[in-house]
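I opened this one to see how the chain is divided, what packs where, and what sits around the ligand. My notes follow the order in which I looked things up.

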Amino acid sequence: MSCIVSTDRLTKRYGKRAVVENLNLRIPQGCVYGFLGPNGSGKSTTMKMLLSLIRPTSGQVEVMGRPMNRSTRRELLGRIGSLIESPPGYGHLTGGENMRLVQRLLGIDDDQVGRAVRTVRLQGQLDKKVRDYSLGMKQRLGIAMALAREPRLLILDEPTNGLDPAGIEEIRDLLRRLAEGGVTVMVSSHLLGEIDKTATMLGILSNGRLLFQGTRAELLAASTPDMLIDASHPTHANALLTGEFQSRLDGCSVRLSGLDDHATAKVVARLVGAGIGVHGVRREEQSLEGVFMDLTGGGGL
Ligand SMILES: Nc1ncnc2c1ncn2[C@@H]1O[C@H](COP(=O)(O)OP(=O)(O)OP(=O)(O)O)[C@@H](O)[C@H]1O
């Protein structure tokens with residue numbers, strides 16, 4: 001797997017407090033990487049370190065196969081587009097004027113600016129003042145500004161924050177199109193539902209630590225869904241199991257958490273041995289939200 005971004009024990013401390021701790025990010029080239037975590041978990045701090053906007057306390061950042069440091073920073077940033085915190089752009093200028101400022105700053109031609117604007121579908125709104133834009137339009141302008149340099153990597157901090165469902169869908173669609181065009185996108189959110197359908201890779205952060213990194217399918221596989229057992233005498237069955245296992249009554253079933261295959265066989269044998277009829281044994285379907293909640297201690301949704 002070729003990674004466009006990787007970090008090695010990336011850490012940021014403020015005073016004694018570690019805000020980001022020992023992060024080993026692996027962002028494969030060409031993916032949409034969903035960087036998820038509750039508010040305050042350290043997503044923005046991590047992204048700022050990737051962009052060399054703040055300096056890590058310890059650890060390394062490697063981008064496009066090269067260490068990000070003072071001597072490589074300028075060149076690497078030339079191929080990275082970013083949108084961190086609130087959307088940029090001067091409110092008293094029009095979208096077009098804002099884009100022209102970016103054009104002059106980067107020394108790029110009209111075609112390149114036109115492509116960025118068309119990608120975010122803002123070509124019909126360039127004569128409007130940015131202060132009159134909706135939040136979604138401001139976000140799209142911010143993304144167009146980030147795209148103007150035609151980056152290989154795009155880092156977006158909560159681009160769907162505050163958007164209505166239609167605006168969220170527009171950003172999702174945009175991220176998909178960008179990835180199809182070969183741009184690697186790292187996008188953060190505190191809401192799983194906003195990016196899980198778009199992201200091909202997920203990294204889950206909680207209290208500055210990476211709890212999980214992998215595909216959506218791997219995330220589901222990593223969790224152990226509850227087991228539900230239908231028994232002839234559920235109350236009796238629960239009483240029998242509760243000392244040794246995490247069990248509780250759930251309607252007419254007994255619900256057991258964290259049960260692997262071996263423990264399941266043991267539970268069934270125990271019940272049958274006690275003369276209790278076992279009518280059904282099934283694992284509960286678990287949603288991605290459920291897994292995310294379990295991993296982050298319920299702080300994110
Ligand atoms: N300059 C700073 N000095 C001290 N603490 C800071 C500083 N910057 C960030 N923090 C703290 O670091 C923690 C992580 O903040 P960060 O903004 O990275 O989180 P986040 O996951 O992006 O959250 P949000 O979604 O709310 O922006 C927070 O508790 C924040 O208060």
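The entries below go from the domains to the cores, then to helices, the ligand and some single residues.

**Entry 1: what I am looking at.** I am working from a predicted model. I looked up the domains before anything else. The assignment splits the protein chain into domain 1 (3-221) and domain 2 (224-285). I then took the C-alpha centres of domain 1 and domain 2, and they are 46 Å apart.

**Entry 2: cores.** Which residues have the most contacts inside the largest nonpolar core? I got Ala 144, Ile 155 and Val 185, in a core of 63 residues. Helix α5 (residues 135-147) gives this core its largest share, seven residues. Apart from that core I found another, of 12 residues, with Leu 241, Phe 245, Leu 259 and Val 267 among them. Back to Ala 144: leaving out residues up to four places away in sequence, I listed Met 99, Ala 116, Val 117, Thr 119, Val 120 and Leu 122 as the residues that Ala 144 touches.

**Entry 3: helix α9.** I went through helix α9 (residues 234-241) and noted Ala 237, Asn 238, Leu 240 and Leu 241 as its buried residues. These four lie on the same side of α9, because they cover an arc of only 160° around the axis. General reminder to self: an α-helix has 3.6 residues a turn, so residues three or four places apart point the same way. What do the buried residues of α9 pack against? My list reads β12 (227-231), β13 (247-250), β14 (253-256) and α10.

**Entry 4: helix α11.** I did the same for helix α11 (residues 288-296), where Val 291, Phe 292, Leu 295 and Thr 296 are buried. Their arc around the axis is only 120°, so they sit on the same side of α11. The packing partners of the buried α11 residues are β4 (32-36), α7 (192-195), β10 (201-206), β11 (209-214) and α8 (216-222). I also checked what comes right after the helix: α11 is followed by Gly 297, which has a positive phi, near 70°.

**Entry 5: the ligand.** Which residues surround the ligand? I wrote down Tyr 14, Val 19, Gly 37, Asn 39, Gly 40, Ser 41, Gly 42, Lys 43, Ser 44, Thr 45 and His 190. Sorted by class, the shell has eight polar, two nonpolar and one charged residues. Its largest share, three residues, comes from helix α1 (residues 43-50).

**Entry 6: positive phi outside glycine.** For background, most residues other than glycine have a negative phi. I picked out Met 64, which is not a glycine yet has a positive phi of about 50°. Met 64 is in the loop between β5 (58-63) and β6 (66-67). I counted 18 other C-beta atoms within 10 Å of Met 64, so this residue is partly exposed. Glu 150 also went on the list, with a positive phi of about 50° although it is not a glycine. I placed Glu 150 in the loop between α5 and β8 (153-156). Glu 150 has 15 other C-beta atoms within 10 Å and is therefore partly exposed.

**Entry 7: three histidines.** Is His 92 buried or exposed? His 92 is exposed, because it has 8 other C-beta atoms within 10 Å, and the cut-off for exposed is 12 or fewer. His 92 lies in the loop between β7 (80-83) and α3 (95-106). Skipping residues up to four places away in sequence, I found that His 92 touches Lys 129 and Arg 131. The C-alpha atoms of His 92 and Arg 131 are separated by 6.3 Å, with their positions 39 residues apart along the chain.

Next I took His 262, in helix α10 (residues 261-273). His 262 is exposed, with 8 other C-beta atoms within 10 Å. I ran a distance to Leu 163, 99 residues apart from His 262 along the chain, and got 46 Å between the C-alpha atoms.

Last came His 279, in strand β15 (residues 278-283). His 279 counts as exposed because it has 11 C-beta neighbours inside 10 Å. Setting aside neighbours within four places in sequence, I have His 279 in contact with Asp 230, Ala 231 and Ser 232. From His 279 to Ser 253 I got 10.0 Å, C-alpha to C-alpha, for residues 26 apart in sequence.

How values were computed. Residues numbered from 1 in each chain as written. Predicted model: local features only at pLDDT ≥ 70, side-chain atom pairs only at ≥ 80, totals over all residues. Core = buried A, V, L, I, M, F, W, Y, C linked by C-beta atoms within 7 Å. Buried ≥ 20, exposed ≤ 12 C-beta atoms within 10 Å, placed from the backbone. Helix = DSSP H or I, 4+ residues; strand = E, 2+ residues; numbered from the N terminus. Contact = placed C-beta atoms within 7 Å. Arc of directions from axis to C-beta. Near = placed C-beta within 6 Å. Nonpolar A, V, L, I, M, F, W, Y, C, P; charged D, E, K, R; others polar. Domains from an automatic or database assignment.
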